[in-house]
Every structure is written in structure tokens, then in C-alpha cells.
Amino acid sequence: GARGVGEYRKSVQAFLKKLYVNAPRLAERYRPELVIAASGYPYDFFCAQRIARLPRGKTVFELREPWAEQRREKYAAEDSRINQCIAEYATGYALRGADAVVSFLQKGEEYCREKGITPAGLTTLPMPAPPQAAPKPLREEDAAALRVLREKYPVVAAYTGQLNARRLPELLVGAVGNLREQGVAAVIAGNGGYKQLLRRMVRENGWENILLLDAQSEGRQQTLYQSADLLYYGDDRRCDAKYGGCAPFLLRLMQNGKPLLTATHSAENAAQKAGCAIAAGEVTQRGVEEALLQFISLNGEGRAALGRHAADAVRTTHAAAQVARDYRSALLRLWV
């Protein structure tokens, strides 16, 4: 399909070809002392190095995720062995060739060590919290439906992210459906084929405690999160489990100061490290159900403490200004 690995690769190749061809012009115009390859994929580094070398500048590579491993997991049926080898080579080349490596992968040093690579000037930094959209009022009909739900059920969980298989919405729907008698409900916003699957689940089981809304703007989504008692964050990626993935979206959720319920294969994510999440013991409907029961058992202060931990971590560990200062210090060491 249009979103498969083939189309993705064509798009990347077209961009990189233009960038590589125009490298001399860019180098001549800007005469950079430093070029940072900061995208999610490693192929950018070849262009960054070419631009930097012409005016004798330096290069930095940002390690954000186990990229080659992600490709293998995401496109297991589509990607060829040779393309997987190229991805591995590109990652290794960038890690070996950069004058400095800044890792937002929390176990980036371990990742490099297992590949037999000792990067120059490796610095590990926490991911900075991204800017957050200003909350906007919900559509009148959505706000009314949410009020009715809240009147009936004391605990409302909000699903977060796009409605797709990776975010595991069906685990939340099944778990909440089974906990109707315990006073738990869920609100899920989104469109697409996956919503039709969820709607069928809800209809066939007669679950009146699950509210399905249309997709919301980012500002309205913020209002939806603020209205909930906890936020559900699912991620079925296994390649992040070992090294801890870079998840700006999770940090955006933490800015709401709400408890999180996480269904992930990794204990290294920002929410669990901040102590603001109740983690499903296993990434199954039963695991999510048990985590919800654990949340129900908390008193008001226990729930508020989880929310405070989220807000505190965003304000301290993941404060953009502090991460920027630490990043700058790492860059200045290149000229010491």
C-alpha cells in the first residue's frame, strides 16, 4: 500500500538524493561549523557528513531509537534481507563516523556496546518535553455525551493516540467492558477502520460504558485528557523493550498531570521511570484489567500523587530548557 515500506523508502531516497546533490551549495552558503543529523533514520548522516566536511566542520548524530530493529519489526513481511543489512550498516556508520553522538535512547551506550561500537563523545540525555497545544472546548454533543458517562461511572479512562493496532485500543475496550460493574468507563476518540472494529465489539457485548467519539483536534484532545481520571497508553513495539524508546508523545501526555496506565513491553519508558504510571503486568486484556483494578483501589491522594509525579518529571527531568543547556555543553566539548 501507499504506506508500506516501498513507498516510505522511495520518499526517503528522493529527499536524500536532493540533499546530497545540494550539499556543496549548502556548505558554500552557510559554512557550518557543526551539522547535526537529527532525524529518526540514520541515512541523513551521509548527507550531514558531506555538508560538514566541505568547510571542515564537525558532525553530531542523534541516536533516538533502535532504528534498524524497528524496521525489521514493523516491516517483517515486506522488507528484504539486503535492505535490513543496509539499515544496520547506515546505523553503524553514523555511530562510528560522528564527532559526537547524543543519545535520547536511555540505554544507548549498551546498544552501541552490543554492536561492538564505541562512539566518540557519547552523551545520554532525557528526551525534552514537546510543546503542548492549548486546550479547546469539545463539540457540544461530545461534551454532553461525556457528561452523561461521568454521571454514571466514577472512573473514566481516556484512550490516547491514533486508532491503530500498534496502540492496542482493543485491550482497553475489552478490559473496561468487563469492569462496568466496578464503575469503570472509557472514552475513545478517532476514525478509520479500527473504529469500526471497536464499535462492533461494543455493540456485540452491549457495553454502555464505552464512549466512541470522532477524531478530535489536538486542542480538543487535550480537553478530553483533562476530563479523564487516567490516560491509557498502549504500544505493542517489542524492539524498544531492551533499550527504552524515544517517545515524545508519552511526554506530551505526562504534561496533563494525570495518572497513566501503560501497556508496553518496556519498563524503560518515561512514565514508568517517573513513577506516574500503573503498568500492565502483561500486554494483554487481562493485564490491562488488573492495572485498572489496581487504579480503582487507590484513594484520592494515591491517584493525585501519580499525577504530580507526571507533572514534576516534565518540569524537571524533561524540561526543554535544561536539556538544551546539557546538549549545548556536549557540543562545546567538541572544541575543547
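This section describes the nonpolar cores, two helices and one buried loop residue of a predicted model.

The largest nonpolar core comprises 40 residues, and Phe 104, Val 187, Met 254 and Leu 260 have the most contacts inside it. Helix 11 gives the most to this core, contributing four residues. A second, separate core of 30 residues includes Leu 171, Val 173, Ile 188 and Leu 306. For Leu 260, when residues up to four places away in sequence are not counted, the residues touched are Leu 231, Tyr 233, Leu 250, Leu 253, Met 254, Ala 271, Cys 276, Ala 277 and Ile 278.

Helix 10 spans residues 218-227, of which Gly 219, Gln 221, Gln 222, Leu 224 and Tyr 225 are buried. The cover over these buried residues includes two helices, helix 7 (140-152) and helix 11 (248-254), together with strand 5 (155-159), strand 6 (184-189), strand 7 (210-213) and strand 8 (230-235).

Helix 14 covers residues 300-315. With 16 residues at 1.5 Å a residue, this helix should span 22 Å; the C-alpha atoms at its ends are 23 Å apart, and the computed separation therefore agrees with the expected span. At the N-terminal end, helix 14 is capped by Asn 299, a side-chain oxygen of which lies 3.2 Å from the backbone nitrogen of Glu 301. The buried residues of helix 14 are Ala 305, Leu 306, Gly 307, Ala 310, Ala 313 and Val 314. Among them, Leu 306 also belongs to the second core. Helix 11, helix 12 (270-274) and strand 10 (277-279) are included in what covers the buried residues of helix 14. Helix 11 thus appears in the cover of helix 10 as well as in that of helix 14.

Asn 269 is located in the loop between strand 9 (260-264) and helix 12. Its relative accessibility is 9%, and Asn 269 therefore counts as buried, the cut-off being under 20%. The side chain of Asn 269 takes part in polar contacts with two partners: the backbone oxygen of Ser 266, reached at 3.4 Å, and the side chain of Gln 272, joined at 2.4 Å. Beyond neighbours within four places in sequence, Asn 269 is in contact with Leu 250 and Thr 264. Leu 250 is also one of the residues touched by Leu 260. Asn 269 and Gly 244 are 25 residues apart along the chain, and their C-alpha atoms are separated by 5.8 Å.

Methods
Residues are numbered from 1 along each chain as its sequence is written. This is a predicted model: local features need pLDDT of at least 70, side-chain atom pairs count only at pLDDT 80 or more; totals for chains, interfaces and linings use all residues. Side-chain values use heavy atoms; hydrogens and water are left out. Buried means under 20% relative accessible area, exposed over 50%, partly exposed in between (1.4 Å probe, protein chains only). Contact means heavy atoms within 4.5 Å. The expected span of a helix is 1.5 Å times one less than its number of residues. A polar contact is a pair of N or O atoms within 3.5 Å; within protein, one must be able to donate a hydrogen and the other to accept it, and residues adjacent in sequence count only if both atoms are side-chain atoms. A nonpolar core is a set of buried Ala, Val, Leu, Ile, Met, Phe, Trp, Tyr and Cys residues joined through side-chain atoms within 4.5 Å.
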